[in-house]
Amino acid sequence: MANRERLVESLVSLIRIDSPTGEEDEMDREVTARLQNLGFTVKHDAYGNVIARLEGTGEAVILSAHLDTVEPGRGIRPRLEGDILRSDGTTILGGDCKAGVAIVLEALTSVVESGSPHLPVEVVFSRAEEGGLNGARNLDFSLISANRGVVFDGEGEVNRITAAAPAQNVVKAEITGRASHAGLEPEKGLSALVVAAHILTRLPLGRIDDETTSNVGYLEGGLKRNIVPERAFLDGEIRSRDQQKLDRLTDQFRQAFAEVGNMYPDARIDLDIANSYRAYRVDTEHPAAVMVSQALGQIGLQPQFAGSGGGSDANVFFEHGIAALPVGIGVRSFHTREETALIPEVLQGAEMCQRLITAV
């Protein structure tokens, strides 16, 4: 059985390892050593993702989580208050996704210690998940044989299964106007920021419907207050769980940029809209959903299937024909200083994971 004291100690020690995106080496060394001690064969692909395998009996299963965290995530000081683990309030906690990593390691430790028969297990600990699923997108899938699994990276309780997630198109635009002195000859300038502002007023932004959203999250431009700004940069996104809706909204974005381009023929607008990851959707009868449901039932939990507005490594797994469903990891308020991990729920995650891999 999963051991609460050992799980908490493991989670706290992982949280104390700084691993903002791009700086996952220490986490890599830690999880690699632990997996090797459990008898796993550990490999790294060219991107640095950790891919490990433990032989067993039956059909292989993937257990996945990511090694990186968002900022502010350096020098985290975790505090356990009863059943709740939180930071000191100056940083995130890093439960996303250290709780997922701890769940996998505790389940594996419990299974290996017990000597119970188990399925072949493939562990994938990805890098650079935050901000683009870059580790998963660069994963060497030739090192993986399983076609089903679980991604331990969801908010909430472990019985919350993300059965549908959106595709994402990334929107980037470089706008070039004409610089001039703002006090001496402003009429000779063409403000790239004004052009950008007109674009923003025409874009459909926010909640479009229950499965479709869009946002421009970053705008920069200009040099000084006394210079008409020559350049501006927009960075945004469009998401939907319905591909047709995503395509229609993308067309509306292109039209808005084109309309403003016609308004300002002397401006140059370089627009790039590219897909970052594709949507997936499964029903409750899907084999991966049944697998997770059965493991949850063995610890007395009813599966709760839900759609999400966020992407995860699961989106990339599905693109490669691997049905790896995200489940909750007992963490709330991802990416904020109020982030908390509820230890009883994290423990349930380890117990479910243990049932999953001993379903021989």
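This passage describes the overall build of the protein and then the surroundings of one residue, Asp 153.

The structure is a predicted model. Nine helices and 20 strands make up its secondary structure elements, and the C-alpha trace spans about 80 × 40 × 35 Å along the principal axes. The protein has 360 residues, of which 53% count as buried. Contacts tend to link distant parts of the sequence: among those between residues at least 6 apart, 78% join residues at least 24 apart.

Turning to the surface and the charges, the protein exposes about 15,600 Å², with carbon and sulfur atoms supplying 46% of that area. Negative side chains number 52 and positive ones 35, yet the centres of the two sets lie only 3 Å apart.

Asp 153 offers a helpful close-up of the interior. This residue belongs to strand 7, which covers residues 148-154. Asp 153 is buried but takes part in no salt bridge. A salt bridge would call for a side-chain nitrogen of Lys or Arg within 4 Å of a carboxyl oxygen, whereas the nearest side chain of opposite charge, that of Arg 239, is 11 Å away.

What does the side chain of Asp 153 meet in a polar contact of 3.3 Å? The partner is the side chain of His 66. His 66 also appears among the residues in contact with Asp 153 once neighbours within four places in sequence are left aside. The others on that list are two acidic residues, Asp 96 and Glu 129, together with Cys 97, Ser 312, Val 327, Ile 329 and Phe 334.

Conventions. Residues are numbered from 1 along each chain as its sequence is written. This is a predicted model: local features need pLDDT of at least 70, side-chain atom pairs count only at pLDDT 80 or more; totals for chains, interfaces and linings use all residues. Side-chain values use heavy atoms; hydrogens and water are left out. Helices (H or I, at least four residues) and strands (E, at least two) are DSSP runs, numbered from the N terminus. Buried means under 20% relative accessible area, exposed over 50%, partly exposed in between (1.4 Å probe, protein chains only). Contact means heavy atoms within 4.5 Å. Accessible areas come from the Shrake-Rupley method with a 1.4 Å probe; for residues, only the protein chains shown count as cover. Lys and Arg count as positive and Asp and Glu as negative; His and the chain ends are not counted. The place of a charge is taken as NZ of Lys, CZ of Arg, CG of Asp or CD of Glu. A polar contact is a pair of N or O atoms within 3.5 Å; within protein, one must be able to donate a hydrogen and the other to accept it, and residues adjacent in sequence count only if both atoms are side-chain atoms.
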